[in-house]
Amino acid sequence: MIAEPQVGFYNPLLNTDLPLMDKLNPPPTASPISAIEPAEGYAGNIPLVLAHQWWLSGQAVLVDVRTHAERDWVGYVPGTACIPWKHYPAMALNPDFDSTLLAQVPCDTPLILLCRSGVRSIGAARRACELGYDRAYNILDGFEGDPDADQQRGHLNGWRHAGFPWVQS
């Protein structure tokens, strides 16, 4: 059974008064579960469209593992749990990651973890599984996606490129 959305987490289906609703894409038709790529040490790699569906429907909690600086400068998905995997500028592991995750999200809740490009969130997903979250998924392509030919992100893929909800400070 999928856990109910957690209080304090944004679920656009439950709050239609937000102006952000105008920016949301309707969820596409359900993707097959086989779209999740198997992975070593965590539940798997989930495509953006399926992650977006799970988040909208409250089937999973979206955890943004980017640094506070990235969220401030680049943008973020409103209502997500912000639990940095590493701290800027040294990019040292966040010593409070475990305790913060455990305090904010029950272990039986599916997690979809988001970073800049879908790489750093792999480490966070592995750690979440070690902590008892057996359904911790890495979101493929991340928030900004892969760099293009000019080494700029956000033009090829990623959460923002897909047109999913996000805001910028």
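Helices, of at least four residues, and strands, of at least two, are taken here as DSSP runs numbered from the N terminus. In the predicted model, the protein chain contains 4 helices and 7 strands by this assignment. Read along the sequence, these elements follow the pattern β-α-β-α-β-β-β-α-β-α-β. Of the 169 residues in the protein chain, 46% are buried.

The largest pocket has a volume of about 180 Å³. Helix α2, spanning residues 68–74, supplies the largest share of the lining of this pocket, with 4 residues. The lining comprises Thr-67, Ala-69, Glu-70, Trp-73, Val-74, Tyr-88, Cys-115, Arg-116, Ser-117, Val-119, Arg-120 and Glu-144. By residue class, the lining of the largest pocket divides into 6 nonpolar, 4 charged and 2 polar residues.

Two of the lining residues, Trp-73 and Tyr-88, also take part in a nonpolar patch on the surface, which they form together with Met-91. The area of this patch is about 360 Å². Tyr-88 is placed in the loop between strands β4 (86–87) and β5 (92–93). Its relative accessible area is 49%, so Tyr-88 is classed as partly exposed, the exposed class being reserved for values over 50% and the buried class for values under 20%. Membership of a patch requires a relative accessible area of over 30%, a condition that Tyr-88 meets with its 49%. Tyr-88 thus belongs both to the lining of the largest pocket and to the nonpolar surface patch.

Notes:
Residues are numbered from 1 along each chain as its sequence is written. This is a predicted model: local features need pLDDT of at least 70, side-chain atom pairs count only at pLDDT 80 or more; totals for chains, interfaces and linings use all residues. Side-chain values use heavy atoms; hydrogens and water are left out. Patches are made of residues with over 30% relative accessible area and no salt bridge: like charges are joined within 9 Å, nonpolar side chains (Val, Leu, Ile, Met, Phe, Trp, Tyr) within 5 Å. Accessible areas come from the Shrake-Rupley method with a 1.4 Å probe; for residues, only the protein chains shown count as cover. A salt bridge is a side-chain nitrogen of Lys or Arg within 4 Å of a carboxyl oxygen of Asp or Glu. Buried means under 20% relative accessible area, exposed over 50%, partly exposed in between (1.4 Å probe, protein chains only). On a 1 Å grid over the protein atoms alone, a cavity is a set of points where a 1.4 Å probe fits but cannot get out, and a pocket is an open set with protein on both sides within 12 Å along at least five of seven lines; lining residues have an atom within 4 Å of a point. Grid points are joined across faces, edges and corners, and a volume is the space filled by probe spheres set on the points. Ala, Val, Leu, Ile, Met, Phe, Trp, Tyr, Cys and Pro count as nonpolar, Asp, Glu, Lys and Arg as charged, and the others, Gly among them, as polar.
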